[in-house]
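Welcome! Let's take a friendly walk through this structure, one element at a time.

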Amino acid sequence: MPAASSIRSLFLNGPAGRLEALLNAGAESATLAAVVCHPHPLFGGTLHNKVVFHTMKALNSFGFPVLRFNFRGTGLSEGEHDHGVGEIDDVRTALDWMDAEFQLPLVFAGFSFGAAVGMRAACADARVRAAIGVGTPVAPVAAATEEPRVYTFEFLHDCSKPKLFVSGARDQFGPRAKLEELVASLPEPKKLVVIEGADHFFEGRLRELRETIEGWEALSSEPSALS
């Protein structure tokens, strides 16, 4: 397994300028490589978010190399926030880089805004074998400075890749009934795990989040099963 200190800081050449990124090294025997996307930048979301970090640690525990990056206009990333439009291309940039660097099948994971934006890129990309939505925002999200934002997930109806959704039972942006309705409408394979007592940020429940991802059967299967 990779050493915990084996982290590389780098920049990706994105469509709106350089994107700040961190790569946690994987094992030489890695069968998959992963990209993890952060929550809404207008809410303070960055690649250092605790949920993003714990999602990375869960994927890294399999020996997968894992890339986290800051969307345009966030941290040291160049460009300006594009309200979830240009950010889809940022995700494609990250997937392209991981594919070129490791030439392995890919896994995508995103938290909140990162899930809503990133799964659009991931589900349409044949290189991505599985997708994880953490705190998927199925209810309107609003910051004090903008109109409520509504995310739609109709694209998931054509996504036949293995899909894992992990949310808290007290997630204010992911009401349980609405999330269950969405997942029920999607093609197999799929799995929904609702963590009791957890809010949108999994405060006090990050261990359960990690254990859920680490226990997902799709990630421990042979790579041929993720086709």
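## A covered strand and its neighbours

Strand β7 (residues 163-168) is mostly covered, with six of its six residues buried; buried means under 20% relative accessible area, exposed over 50%, and partly exposed in between, using a 1.4 Å probe and protein chains only. Helices (H or I, at least four residues) and strands (E, at least two) are DSSP runs, numbered from the N terminus. This is a predicted model, in which local features need pLDDT of at least 70 and side-chain atom pairs count only at pLDDT 80 or more, while totals for chains, interfaces and linings use all residues. Residues are numbered from 1 along each chain as its sequence is written, and side-chain values use heavy atoms, with hydrogens and water left out.

In a regular strand the side chains alternate between the two faces of the sheet. From β7, K163, F165 and S167 point one way, and L164, V166 and G168 point the other way.

Which strands pair with β7? One is β6 (residues 128-134), which runs parallel to β7 over four bridges, with I132 opposite L164. Another is β8 (residues 190-195), also parallel, joined to β7 by six bridges. Here pairing requires at least two DSSP bridges between two strands. Across this pair, K163 stands opposite K190. From β7 the chain passes through helix α4 (residues 176-184) to reach β8, in a right-handed β-α-β crossover; right-handed means that, with the strands pointing away from the viewer, the path from the first strand over the helix to the second runs clockwise.

## The sheet as a whole

The open sheet has eight strands in the order β1-β2-β4-β3-β5-β6-β7-β8, with mixed pairing. At its edges stand β1 (7-14) and β8, each with a single partner strand, so one side of each is left without a neighbour in the sheet. The table gathers some of the pairings.

| Strand pair | Sense | Bridges | One bridge pair |
|---|---|---|---|
| β1 and β2 | antiparallel | eight | I7 and N24 |
| β2 and β4 (residues 66-69) | antiparallel | four | A21 and F69 |
| β7 and β8 | parallel | six | V166 and V193 |

A hairpin through two residues joins β1 to β2. Strand β2 (residues 17-24) is mostly covered too, since six of its eight residues are buried.

## Helices around the sheet

Back at α4, the residues L179, L182 and V183 are buried. Seen down the axis of α4, its buried residues fall within an arc of 95 degrees, so they line one face of the helix; the arc is that of the directions from the helix axis to the C-beta atoms. The face turned away from this buried side carries the exposed residues A177, E181 and A184. Among the elements covering the buried residues of α4 are β7 and β8, where contact means heavy atoms within 4.5 Å.

How is α3 (residues 113-123) placed? Ten of its eleven residues are buried, so α3 is largely enclosed by the rest of the structure. The buried residues of α3 pack against β3 (33-37), α2, β5 (106-111), β6 and β7. Helix α2 (residues 86-102) packs with α3 at an angle of about 65 degrees, their axes 8 Å apart; axes are lines fitted to C-alpha atoms, for helices over the stretch in contact, and angles run from 0 to 180 degrees between N-to-C directions. At this meeting, E87, I88, V91, R92 and L95 in α2 contact F113, V117, G118, R120, A121 and A122 in α3.
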